[in-house]
Every structure is written in structure tokens, then in C-alpha cells.
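Work through the exercises below with the sequence and the model side by side. Try each task before reading its solution.

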Amino acid sequence: TAATQPSTNWHLKENGREHHTSKFSSEELIVRRGQAFTITFNGIEQPEQNLIFIAETGPKPSKATKTLATFGISSAVSKEGWSAVLQSTSSNSVSISISSPHNAVIGRYKLSVQSGSSSPASLGTFVLLFNPWSSGDDVFMPSKAECEEYVLEEFGIIFAGNKNRISSFGWNFGQFQGDILNICLSIMDRSLYYRQDPVTDVSHRHDPRYLGRVLSAMVNANDDQGVVLGNWSGKYEGGKNPSSWTGSGEILQSWKKSGFKPVKYGQCWVFAAVLTTVLRCLGIPTRTITNFSSAHDADGNLRVDEFYDADGNHLERGADSVWNFHVWNESWFTRNDLGPSYSGWQILDATPQEESGGIYQCGPASRHAVKEGEVDLDYDCPFVFAEVNADCMYWNYDSATGKKTLIFSKSTEIGDSISTKAVGRDDRVDVTSDYKYEEGSAKERDIFKKARKKLGLEDKFDPTAPTQEEIEQKPDITGKFKVASSLEVGKDLSLLLVLENLQSDAKTVNVNMTAWSTLYTRRPVNEIWKDSMSVTLAPKEEKQFPIKIKYPEYQQQLTTDKTIQVTALCHVEDGIQVLVQRNITLDNPDIDIQVLGEAKVNKEVVVEVAFTNPIDTEVTDCVLQVEGSGLLQGILELRIPPLKASEKSSTKFKLIPSEAGPKHLLVNFSCDKFPDIKTFKMVNVIN
């Protein structure tokens, strides 16, 4: 006889509480591996003892690939495979506690039950995730507070700006929003690895190492029609400017809605934030990391070469670059392939910078291996090592003769103030010392040599490298740019060029100065200003030269990264050239958020956002975007009338918070003169 279709009670509430999955708003059971969950079903006539359960996942479930398990009722949880323990029975319903192994493949499973000789009856589907709360799991994280932050927290802070002036903005990871889990599961099923060999791909999904690498490839659009298309041109027609996003939800939903066409456009923090969402959603503890003065060493020689012409213009020559900042990810899991000391935080990077194994993916690189210069360990350690350690060479390039002359080299420039959000607080934590030994220390230089040796760079002659003589040459003067005003968009920019003669005879110096608007990658976009002067410095004299760049001069040229590179190339008569440069990031004007009254679950509360136009011309096309998990569904977009010079606008809107606890409201204000001013506010919601 055919079995009647049993009806299943998945005990969503209790299981969700036990498995730390109650933030998912799903009608489907979502549980974590290596931990028991309870279900009750009826419609089975046979004695319970004879029941056989079947759990299967992937396109061709099999026992060999650990994607199919059959198990009967036992008296205790099995140490190895899947098991079922009888909880209770009544006239026609049975309660069973089912446990999966610590290393089960994650994903959507079909669960069936078979009694006697009848064919299996489906009980329904459930989703199995990684379990950082369970000590047997590869992603086990002993600290509960860290599990809360790196798996359950939907709000993040991303650090940006530059090393002289670190700024930050909020991000809504939204890993528990509506359809995000399903989208994350479809990302895995659209990877090149799955398309080439679905059976093998699914069988590897027990391994955070494997999934981290696959997902670092899938979050960028290169190779595989992945989620986000990168764009570093400074022109973003046909898509959204990377700096306008405030959360991953909108990006992942758009990717699915468009029939899985890459979403336009992203830059490093967008790739890192989306990867954080996907990995946290699947249960792998993950955070974003910002590295300031980050090297992109394209040719693998642990050296970054920058070229300038005689006028001091930064040339786009060669593939190497230094970014004001770069954002990547760290995920927490064991490295059984490398050994216990390499477990813990692993670097993954979804920004498409260099190919690895023929496609744009990066990591996991063990952070410990990077610190110790173990660049021969999997995966992509040399690239990550260079991002935080490369030496910097500045060259003068003469396009007429093709000749290049070293201006100076620096080994302490790269990898500064490496930052991440604190656990449980909205603060910055500096993790530089987890990536490298103290800059300039003997230990740090030893590790650098060890890495060069492992890469075979020590013993082979490099014709492009400067000679020892060039490296050791001493300049007659030194210089620096000092900031002499507030650095705000809308205000004039005042700088001082400070030059000092180190010698005991007078020096004549010809100075060529330029200012360019750049992207955060320091790619020059528009020239803003240039000037030159000839100065004489008396013996040991220090002189200051004021520089003023007015707002109307730079306003049209500025990119949305609001960055300007100022350069002075000093030609000293009968001496070597001296390059003085500074990367400046301007601050946006402030926006102010006030929550009027108490925020309570399921009760309306009014929020007021105020902005004052700081400049003496009208601003138009004003739009306010608001989002925040637990505070409102989706994104609220409000259009605001134009604001006259110095006029203040105040906008009110209502929220209905859906869950209690500290929630974050993210606001993005844009207008024609000030794109993407961001701020966030913590709102404590009470029951």
C-alpha cells in the first residue's frame, strides 16, 4: 500500500531558538549541523522501531559523496553519521530528535521516512548550515560574543578614507532578510565549480575552506556572471555608483530579480560586504577588514612601482598600484590542510584584482601564514603578503627617452592601520600587529627576506629593480604637505608645502606642483590645479609656501570618493629629485538623525533627518535613502525639494520596528553637489 502523506510539525520556534536561526523569517526549518533538532509527524501506521529516515541533498545524492544518509531509530546520538532518537509517541504521531554530523554537507535537504515495505514518504525540506557554536565544527568559535557579532549581527561598520584621516560608514548586511538565504544557496549552484561538476562540488560543501574560495569568485561578476560587476573608471552610467549602496540586501535581490545578471557597480567594500552577508548567512563567522595604503602588486615581486613625469603628474604606467584603502574579509575556520597554528582568521578577497588558478578568486590565506612570511602556503599568500608589506619605489619617467630614474624607495609605507569593527561596539579595532611585526623592526625585515626567498626573488637578477647605489642616495632637501584648513567638500582647501634644506650650503629648487582628483585607488581622474615656482633655501632653512585651491576650482572635478592627490616634484640643482605628495580625502557635510520618542516593537516612531546646505549656491536632486534591519522592510526613498544657499531641510518619516534590541538606522543623502553623504544611528528598540 502507498503510504499516506504524513504531516510534519517542524517545531520552527523551538528549533530556531536552539540553533541560533530564529532571525531567519522562514516557513522552512533552518538548523545547524552537529546539533539535534526535533520534528513531529503523523500518518505512520508502523511501529516506530521500524522507521528508516532518508536525508539527501544535491542533484545526485549518494552515500559515497556523503550527500545521502539513511538511518533508523537508535538509542543514542551517533558519533559519526546521522541519527534519530525517539522522543515520544502518541496514538498516531511520533516525535523524533534528528542529529547531523559535525562535518555534514551544508545546503537544502529533503527528508523522507520509510516504514516497512512501503515506498518512502516525504516529510519536507530543511536547510542545514555551519555551526560556530558547536566544538566539533570546523567553524567553531569559542567566544559567544564573537558568534553574535560575526554570524548574527546584521549591521557593520566599514572603514575608509586614508591613513591620515580614517573615516567610516555603516552597512546593512541583512543576512536574515526575506529571500537572502535562498539567494545564497543559488549563488553556490551558479559557480563555475558547480557547472563543471555538480556532484563533486556539492560533496565539498562541508568544507568552509572550499566554500570561502568558491564564494570569493562568485561575488564578483568576472568569469562566472557572479553577483557584482566592478567599475573603477569614475563613470557609472547604466548602474549605481558604488558609493551609493547602503546594504547587501538590495544588491542580492537585484541579482536574482534580473535573472542573475551582475549588479552594476561595485568597488572593494561592496564585494567585501556582500561576501560577509553570504558567509554569515551560511554560518561562517566573517568580518570586513580595511587595509590603508594597500599594495596591488600585479607582477608578484613584492614591490610596487609608481611613476611621475617631470611636472609631478602621477602616470598610469605599469599594473602596480597603491590604494588609499582596500577592504577584504576574514573568516574563521580551521586549516586541517596546513596544521593547527594556521587555523583561526583566514583572508578571503572577492574584489577581482588578480587571477588565481585561472579565475578571479582570492584565499583563504591563513593570517598567521601571512604574518610569518609563509608565502608558499595555500591560497594566494604572496598576493596578500604584498598588500600589507610590499616595498614602494617612486620613479621619474621620461616618455621621450623611456628612461626611468629612482626618486626614492620606502619600505614602511604599505599596510597601515589595518582596521575592523569591535565586537559588540561601534568602534574601530586596529589589527595591524596580527598581519605583521612592527614596521621597521629587524624581525619585520627578516620576514620580508624570508618571503622573498620563498618566492625565488632573492637570487635572481631583476633588471627593473633599482641599484643599491640608487636606493642609498641621500636627498639635499626634504618636504611635506601640511593641511591648514578643515578638509570639507564645499570649503576652500588650504595647504602648506614645507621644504627644508638639510645641507650647510644654499640650494636652488625648481618645484612643479599638481593636484588631481582621484579614485580611492589613487587612479588620477581630473586635473584640478598646477603651478610651479623656483625657490632658494638658505643653509638648513625651512620655508613654508601656502597653497589654496578654491571650492569652485575643484567642485566639478571631484570624484564621489572625494579624494585629491597633491604632488610637488622638486628638482634640486646638482642634486637628486625629491617627491612630496599627499593624498587628501575630503569630509562630507554632516546630516543629523533624531528619533522622536521611544522605539517600541510594532509601534510607530517618528524619525527626523536634518541637513544644512553649507555652500552659497542651491543644491538640487536631493534624495534620502533609509534602511535598517529590524527597523523597516526594504529601503525607504524620499525626494526632497531643492535647498537654497545655507538653507536647512528637515524630513520626517515613520518607522515600525519589528524586533527588540539595539538596531541601526542607515541614512544616505544625495544631491547634485554632495553625492552619498552617509550616517547611521543606533536605535534601542524595546518590547
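The exercises on this predicted model go from the whole chain to single residues.

**Exercise 1. Overall form**

Task: Compare the radius of gyration of the protein chain with that of a compact globule.

Solution:
- Start with the length: the chain has 687 residues.
- A compact globule with that many residues would have a radius of gyration near 26 Å.
- The protein chain has 29 Å, which agrees.
- Add the extents: the C-alpha trace spans about 105 × 65 × 40 Å along its principal axes.
- Then the secondary structure: 14 helices and 37 strands.
- Finally the burial: 54% of the 687 residues count as buried.

**Exercise 2. The annotated site**

Task: Find which residues UniProt places under "active site", and decide whether they are gathered or scattered.

Solution:
- The unreviewed UniProt entry gives Cys268, His326 and Asp349.
- These residues span 82 residues in sequence, yet no two of their C-alpha atoms are more than 9.9 Å apart, so they gather at one spot.
- The same entry lists residues 260-352 as "domain: Transglutaminase-like".
- Over residues 260-352 the chain is 16% helix and 44% strand.

**Exercise 3. Surroundings of two site residues**

Task: Place histidine 326 and aspartate 349 in the fold. Are they buried or exposed?

Solution:
- Histidine 326 is in strand S17, residues 321-333.
- Its relative accessible area is 1%. Buried means under 20%, so histidine 326 is buried.
- Aspartate 349 sits in the loop between strand S18 (344-348) and strand S19 (365-366).
- Aspartate 349 has a relative accessible area of 2%, so it is buried by that cut-off.
- Leaving out residues up to four places away in sequence, the contacts of histidine 326 include Cys268, Asp349 and Glu387.
- On that basis aspartate 349 touches, among others, His326, Trp328 and Glu387.
- Glu387 is also one of the buried residues of H10.
- Helix H10 covers residues 381-389, and eight of its nine residues are buried.

**Exercise 4. A charged side chain in a loop**

Task: Where does arginine 205 lie, and what does it contact beyond its neighbours in sequence?

Solution:
- Arginine 205 is in the loop between helix H5 (198-203) and helix H6 (208-218).
- Its relative accessible area is 5%, so arginine 205 is buried under the 20% cut-off.
- Leave aside neighbours within four places in sequence. Arginine 205 is then in contact with Val105, Ile106, Phe130, Met188, Asp189, Tyr194 and Leu211.

How values were computed. Residues numbered from 1 in each chain as written. Predicted model: local features only at pLDDT ≥ 70, side-chain atom pairs only at ≥ 80, totals over all residues. Heavy atoms only, no water. Helix = DSSP H or I, 4+ residues; strand = E, 2+ residues; numbered from the N terminus. Rg over C-alpha atoms; globule rule 2.2 N^0.38 Å. Buried < 20%, exposed > 50% of the residue type's maximum accessible area, 1.4 Å probe, protein only. UniProt positions renumbered as here; feature names shortened; annotations may be inferred. Contact = heavy atoms within 4.5 Å.
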